[in-house]
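The exercises below ask you to place residues in their elements, to judge their burial and to follow their contacts. Try each task on the structure before you read the solution that follows it.

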Amino acid sequence: MRALIIVPFLIAASPAPAHADDTFEAKAQNAVRISRVESLVWAFTAPCDAGDDTQQRQCRTVRNTRAAQLAGSTLMIDADKDAFDAGAWSAQKKSLPLTLSGCIRCAGVEIDGKTFYVVTDKDLTSPKFAGGKFKTAPIGDSAKQVADEAAAKTFARSVSNARVQLLVKVPAKPLTTIDGKQVVALDLVGYRVFAPCDGSIVLANPQSGPAEADKKQCGPVVAAASASAEPKLDQLTPKLISEAMKPVTEAAQDCFKKFAVSGSAKLKLQVAGDGSVLKYDQQGDFVNTPTGQCIDEAVKKATFPASKKAKTSINFPLMLQ
């Protein structure tokens, strides 16, 4: 099966017992963790035509080396959060449908001013571009049996922030085009969907044991407690954003002291109503550099005040010199 990156599976379980190497954990044992999809896309799409001849040659060397490393490895990557969906409860079937789409980054990622999209699909024919993003056919579907509607709602809340992890490999020719958009197609090795609060598996192929639990991700309970403790702000003000990003700014200066590379960056964040960071992208001079990675680590620790606004988009400039 194939996964697409556009430039920018529930398969029925076998009744036979699984072998030790037929598990998600076994296939992921030596996988390379890809924390930023942008870095993967860059390795296969960067034109390396900026700067003088020396800079271009250095860029091509880094790009080609990284592409060769990725092409020979199994990669673990997180798909879009909305790739997984728990549908409406059916009183007749006493169940609710669980669907996994082929979206890795269906809204695309931006590299050097160009947009690339990342999806997974077995034949590259079903993805269609509409409304600014790709729509894909389901690559996995099942049903969760529940006794009543109340139990269905409880389950749906428990998986509202479910994580989708994919195991993929880069084929010999990853680049393609769909609906006039640039695409990188990846071979799909396996997937699992799990609730981060307790690590329970929702969907997996091949089968998977529980993932590592993260109590900080038990969002609905925390959100309910904080809602009763104090009222939410109507929205994040520039002052509140600056205060929340102050630790990032200070960490970025430490990155500059460490690597001594001047330049500018634009940090693009999407913050949820509970103050958590939904999406993050770095643009500018430090992408795919040690300084950029240092800044990325600082952003991972950023927290914002809760607000009534479901999503807040932030463009935060950084200048290091």
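**Exercise 1. Locate N288, determine whether it is buried or exposed, and describe its backbone.**

Solution. In this predicted model, N288 is found in the loop between β16 and α7, the latter spanning residues 290-300. Its relative accessible area is 26%. Since buried means under 20% and exposed means over 50%, N288 is partly exposed. As for the backbone, N288 has a positive phi of about 60 degrees although it is not a glycine.

**Exercise 2. Carry out the analysis of Exercise 1 for D112, and then relate D112 to the second largest pocket.**

Solution. Begin with the location: D112 lies in the loop between β6 and β7 (114-121). The backbone of D112 has a positive phi of about 50 degrees, although the residue is not a glycine. With a relative accessible area of 58%, D112 lies over the 50% cut-off and therefore counts as exposed. Turning to the pocket, D112 is one of the residues that lie nearest the centre of the second largest pocket, together with W42, C59, D285 and V287.

**Exercise 3. Describe the second largest pocket by its volume, its lining and the elements that contribute to that lining.**

Solution. The space in the second largest pocket comes to about 670 Å³, and 25 residues line it. The elements that each give two or more residues to this lining are α2 (37-45), α3 (53-71), β6 (103-111) and β16 (277-284). Among the contributing elements, α3 gives the most, with 5 residues. Sorting the lining by class then gives 10 polar, 8 nonpolar and 7 charged residues.

**Exercise 4. Where is R36 found, is it buried or exposed, and which residues distant in sequence does it touch?**

Solution. R36 is found in the loop between β2 (32-34) and α2. Its relative accessible area of 12% is under the 20% cut-off, so R36 is buried despite its charged side chain. Once residues up to four places away in sequence are set aside, R36 touches Y280, D281, Q282 and D296.

**Exercise 5. Trace the surroundings of F84 and A162 within the protein, beginning with the largest nonpolar core.**

Solution. The largest nonpolar core has 49 residues, and those touching the most other members are F84, L100, L166, V193, V202 and L203. In soluble globular proteins, nonpolar side chains tend to be buried together. Beyond four places in sequence, F84 touches L98, T99, L100, V159, A162, V164, V193, V202 and L203. A second, separate core of 22 residues includes L236, C255, F256 and V299.

Next, follow the contact from F84 to A162, which is placed in the loop between α4 and β11 (163-169). At 6% relative accessibility, A162 is under the 20% cut-off and so counts as buried. Leaving aside neighbours within four places in sequence, A162 is in contact with K81, F84, V193, F194 and P196. Finally, compare chain and space: A162 and V202 are 40 residues apart along the chain, while their C-alpha atoms are separated by 8.4 Å.

**Exercise 6. Which residues does T23 touch beyond its neighbours in sequence, and what can be said of the peptide bond that leads into P206?**

Solution. T23 is placed in the loop between β1 (2-6) and α1 (24-28), and its relative accessibility of 16% makes T23 buried, because that value is under the 20% cut-off. Not counting residues up to four places away in sequence, T23 touches P206 and Q207. The C-alpha atoms of T23 and Q207 are separated by 5.2 Å, although the two residues are 184 residues apart along the chain. P206 itself is placed in the loop between β14 (201-205) and α5 (219-229), and the peptide bond from N205 to P206 is cis, with omega near 0 degrees.

**Exercise 7. Place A151 and judge its exposure, and then state the overall burial of the protein.**

Solution. A151 is found in helix α4, which comprises residues 149-158, and with a relative accessible area of 31% it is partly exposed. A151 and W89 are 62 residues apart in sequence, and their C-alpha atoms are 9.4 Å apart in space. For the protein of 321 residues, buried residues make up 40%. The accessible surface comes to about 17,100 Å², with 52% belonging to carbon and sulfur atoms, and the protein has 7 helices and 17 strands.

Notes. Residues numbered from 1 in each chain as written. Predicted model: local features only at pLDDT ≥ 70, side-chain atom pairs only at ≥ 80, totals over all residues. Heavy atoms only, no water. 1 Å grid on protein atoms, 1.4 Å probe; cavity = no way out; pocket = protein on both sides within 12 Å on 5 of 7 lines; lining within 4 Å. Points joined across faces, edges and corners; volume = space filled by probe spheres on them. Helix = DSSP H or I, 4+ residues; strand = E, 2+ residues; numbered from the N terminus. Core = buried A, V, L, I, M, F, W, Y, C linked by side-chain atoms within 4.5 Å. Buried < 20%, exposed > 50% of the residue type's maximum accessible area, 1.4 Å probe, protein only. Contact = heavy atoms within 4.5 Å. Areas by Shrake-Rupley, 256 points an atom, 1.4 Å probe, with all protein chains shown as cover.
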